[in-house]
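Colleague: I'd like to get to know this structure with you. Can we go through it piece by piece?

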Amino acid sequence: MMQHYRRLVKENPMKIEISRFQRRYFSASAPMANRVMVLLVLTTYIGLCMLVLVFGEAVTPNGIILIQTTLFCAFGPMMLHGAVAGERERRSWELLLVAPVTKGQIVAGKFIGAMALLAAGAVAMLVPVVLSTFYQKQVDVTNLLIKEIVSISFCMLICSWTIFISSRVIRPLMALGVTLGTEFVFLGVVPSFAWSLAGSDPISRIFILYLNPFDVLQKGSGALEAFSNNSDFYGIPQSCVYLILTILFLIYAEKTLHFADNDVKFLPKRSEDAGS
Amino acid sequence: MLEVKKLRKEYGGLTAVNGVSFELQPGDIFGFIGSNGAGKTTTIRMISTLLEPTSGTAILNGHDVRKDPMAIRRSIGYMPDFFGLYDDVKVWEYLDFFAALYEVPARERNGVIDNVLELTDLTVKRDAFVQSLSRGMQQRLCLARCLVHDPALLLLDEPASGLDPRARSELKELIVELGRMGKIVIVSSHILPELADFCNTVGIIERGEMLAFGGVSEIVRSMQPVRAFTATLLRNGAGAISTLQRLSGVLKVESIESDLRIEFEGSVEQQAEIAKALVDGGFGLLGLREEETNLEDVFLKLTTGAVN
C-alpha cells in the first residue's frame with residue numbers, strides 16, 4: 001500500500017500536472033477560453049458570497065453545498081476531458097509514454113492535478129458555507145461536514161469517470177460530451193424515472209438514487225426528505241462507495257489506456273501500409 | 001553502446017520488422033534509410049519501448065528494452081515524425097514540464113533549460129509561446145525536449161521532413177554537434193544526400209529486413225565493385241585507350257569528348273598504375289578523378305520499393 005502511495009503520489013513525476021493546471025487556468029499565459037471560465041467561476045463565487053451577506057437566512061449552507069456540487073460536476077469534466085484524449089489528439093501522448101513514468105503514474109498525475117484544483121475550490125466554497133451558518137438558527141455541523149464529504153467524494157468520482165472516458169476515446173470533445181451526457185442521464189433522467197417506477201417503496205428509491213448525491217445533499221431543504229431519512233445508507237457509507245468507484249474507474253482507465261493506442265492505431269489496414 | 005539483436009515485430013500475420021540487428025557506439029550517427037513502410041519507424045518505436053518486440057531485443061548501455069524499459073526511457077530522447085507540442089504554453093514551460101517528467105531536480109531545471117535552448121539556438125524564444133514558433137524552431141524545440149535529461153541515445157524519426165533548406169542545414173549541424181558530444185544518434189530520413197553528409201553509419205531497410213549496414217563509403221564500395229574514373233588528357237587518342245586497356249584491372253575504356261572514362265576493378269596499387277601509364281605515355285594527364293556513387297544510387301540499386 002505504502003509502495004503504491006510512494007509510486008503513484010509521493011514520487012510521481014506526473015505531479016507536475018498540478019502546476020500545468022495552474023498555468024492553464026491561472027497564469028497570464030492561460031488560453032482565453034480558460035480565462036473566461038475562471039472569470040465566470042469567480043463571478044459566481046463572489047455573487048454567492050454577496051447573496052449570503054445580503055439575504056442572510058434565506059441562503060442555507062445546504063444550498064451552497066448543492067451549488068458547489070453542481071459547479072464541480074460541470075468543471076470536473078471540463079478540466080479533465082482532454083486528460084488522455086487531448087494528449088492523443090495533439091499527439092503528445094507518445095512523448096509521455098516514452099518518459100520514465102508508468103501508465104498508472106500518468107493517470108494518477110492527471111487525477112492529482114485536478115484534485116488540487118478541486119481542493120482549492122472546496123476550500124474557497126467553505127467561506128460562503130461558514131458565512132451562511134452565522135445566519136441560521138440551528139446548524140448541525142456534523143451533518144454539514146458529512147454533506148461536504150459526500151459532495152467532494154462525488155466530485156472525485158466524476159473526475160475519475162471523466163479520465164476513464166478520456167482514456168477510451170481519441171477526441172477530447174467526445175470525452176466531454178460522453179461525460180456530461182452520462183451525468184445528465186444518471187443525475188437527471190434516471191432519478192426522474194425512478195420516482196415514477198419505484199412507487200412508494202422507499203428502499204427501492206434509496207438504492208436507485210444512491211448514486212445521486214443531490215438526494216442526500218437536499219436533506220434538510222425538504223424536497224426529498226421523505227426518502228433520505230435512512231442515515232444508515234447515506235452520508236459516509238455513500239462517500240465510501242463513491243471513493244471505491246473512483247479508484248475502480250482510475251484502475252480501469254489505466255488498464256484501457258492502450259485503447260486507440262499506437263499498437264492499434266498504427267496497425268495497418270492493408271498489408272501495403274505496414275511497417276513505418 | 002546500443003546493440004539491436006534480431007528485432008522482430010509481427011502484426012497478426014504481417015511481419016513489419018524481421019530480424020533487424022546492428023550495433024552502434026557512442027558518437028555514432030546512424031542514418032536509417034528505407035521507403036515508406038519499410039520498417040524504420042517500427043524499429044525505432046521498439047527501441048524507444050513504445051512497441052514491444054515480438055522477438056529479439058535491443059540493449060542500451062546494458063539495459064534491455066524488454067526487461068528494463070524504464071531505464072531505457074531515462075536514457076533515450078525520442079523525436080517522432082510529428083511535433084506533439086502543447087501550443088498553449090511558453091517554450092520554457094514546455095521544457096520545464098518534460099524536465100520534471102524526466103526527474104531533473106527542480107533546482108537544476110532552469111540551468112538545463114538554458115543549456116538546451118542555447119544548444120538549439122532558441123534562447124531568444126525562451127518566453128515565446130510554442131504556437132508562435134516557426135516549423136523549424138518547433139522542430140528544434142522538440143530536439144531540445146529530447147535533450148533535457150541528457151540521454152545517451154537520440155531517436156530522430158524523419159527530423160527534417162517539412163523543413164526549409166536553411167532549417168535542414170541548421171538541424172544537420174545540430175545533429176553533428178550531438179554526435180561530437182558522444183551521443184548515439186539514429187536518424188531516419190528520406191533525404192539521402194543529407195544523411196550521407198553527416199552520418200558515419202547507415203542502414204538500408206526494406207520489407208522489415210536490413211539489406212545493408214556500415215559506413216557510407218563501405219556500403220557504396222561493397223555495392224559498387226566496379227569503379228569508374230574520368231581522365232582528362234591534353235592529347236587524347238587511340239594510343240591512350242590501348243595503353244590503358246593493357247593494364248590489369250581495367251575493364252573498359254571509352255572516349256567521351258575530350259575525356260576518357262575508365263571502368264576499373266582492382267586494388268589501389270593497380271589503380272595507381274593508371275595514372276602512371278598516362279603520365280609515362282606522354283598523353284598530358286591533366287586530371288584523374290573517381291566518379292562518385294552516392295547513397296541514393298546504392299539505395300535505389302539495393303531496394304525494389306516493395307513493402308510487406
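Modeller: Sure, and a word on pairing to begin: two strands pair if DSSP finds at least two bridges between them. Keep in mind that this is a predicted model.

Colleague: OK, so how many bridges join strand 12 and strand 13 of chain B?

Modeller: Strand 13 covers residues 259-264 of chain B, and its pairing with strand 12 of chain B is antiparallel. One partnership to look for is B:Val250 with B:Phe264, which sits in strand 13 of chain B. As for the number of bridges between strand 12 and strand 13 of chain B, it is six.

Colleague: What is the strand order of the open sheet in chain B?

Modeller: That sheet has four strands with antiparallel pairing. Its edge strands, each pairing on one side only, are strand 12 (250-256) and strand 14 (285-290) of chain B. From one strand to the next the twist averages 20°. The order is 12-13-11-14.

Colleague: Which helix lies across strand 11, strand 13 and strand 14 of chain B?

Modeller: Don't mix it up with helix 9 (residues 238-245) of chain B, which packs on the sheet and touches strand 11, strand 12 and strand 13 of chain B. The one you want runs at about 165° to strand 14 of chain B and spans residues 268-280. That's helix 10 of chain B.

Colleague: Now strand 8 of chain B: why is it largely enclosed by the rest of the structure?

Modeller: In a regular strand the side chains alternate between the two faces of the sheet. Here B:Ile184, B:Ile186 and B:Ser188 are buried on one side, and B:Val185 and B:Val187 are buried on the other. So strand 8 of chain B is largely enclosed because the number of its five residues that are buried is five.

Colleague: Which residue of strand 8 of chain B is the bridge partner of B:Leu156?

Modeller: Strand 7 (residues 153-157) of chain B runs parallel to strand 8 of chain B, with five bridges between them. Together with helix 6 (residues 165-180) of chain B, these two strands make a right-handed β-α-β unit. Strand 3 (residues 29-34) of chain B is also joined to strand 8 of chain B, by four bridges, and there B:Phe32 partners B:Ser188. For B:Leu156, the partner is B:Val187.

Colleague: Over in chain A, are helix 4 and helix 8 roughly parallel or roughly antiparallel?

Modeller: The axes of helix 4 (residues 61-80) and helix 8 (residues 141-166) of chain A come within 9 Å and cross at roughly 15°. Angles under 35 degrees count as roughly parallel. So helix 4 and helix 8 of chain A are roughly parallel.

Notes: Residues are numbered from 1 along each chain as its sequence is written. Chains are lettered from A and ligands numbered from 1 in the order in which they are written. This is a predicted model: local features need pLDDT of at least 70, side-chain atom pairs count only at pLDDT 80 or more; totals for chains, interfaces and linings use all residues. A residue is buried if 20 or more other C-beta atoms lie within 10 Å of its own, exposed if 12 or fewer, and partly exposed in between; C-beta atoms are placed from the backbone. A crossover is right-handed if, with the strands pointing away from the viewer, the path from the first strand over the helix to the second runs clockwise. Axes are lines fitted to C-alpha atoms, for helices over the stretch in contact, and angles run from 0 to 180 degrees between N-to-C directions. Angles under 35 degrees count as roughly parallel, over 145 as roughly antiparallel, 65 to 115 as roughly perpendicular and the rest as oblique. Two residues are in contact if their C-beta atoms, placed from the backbone, lie within 7 Å.
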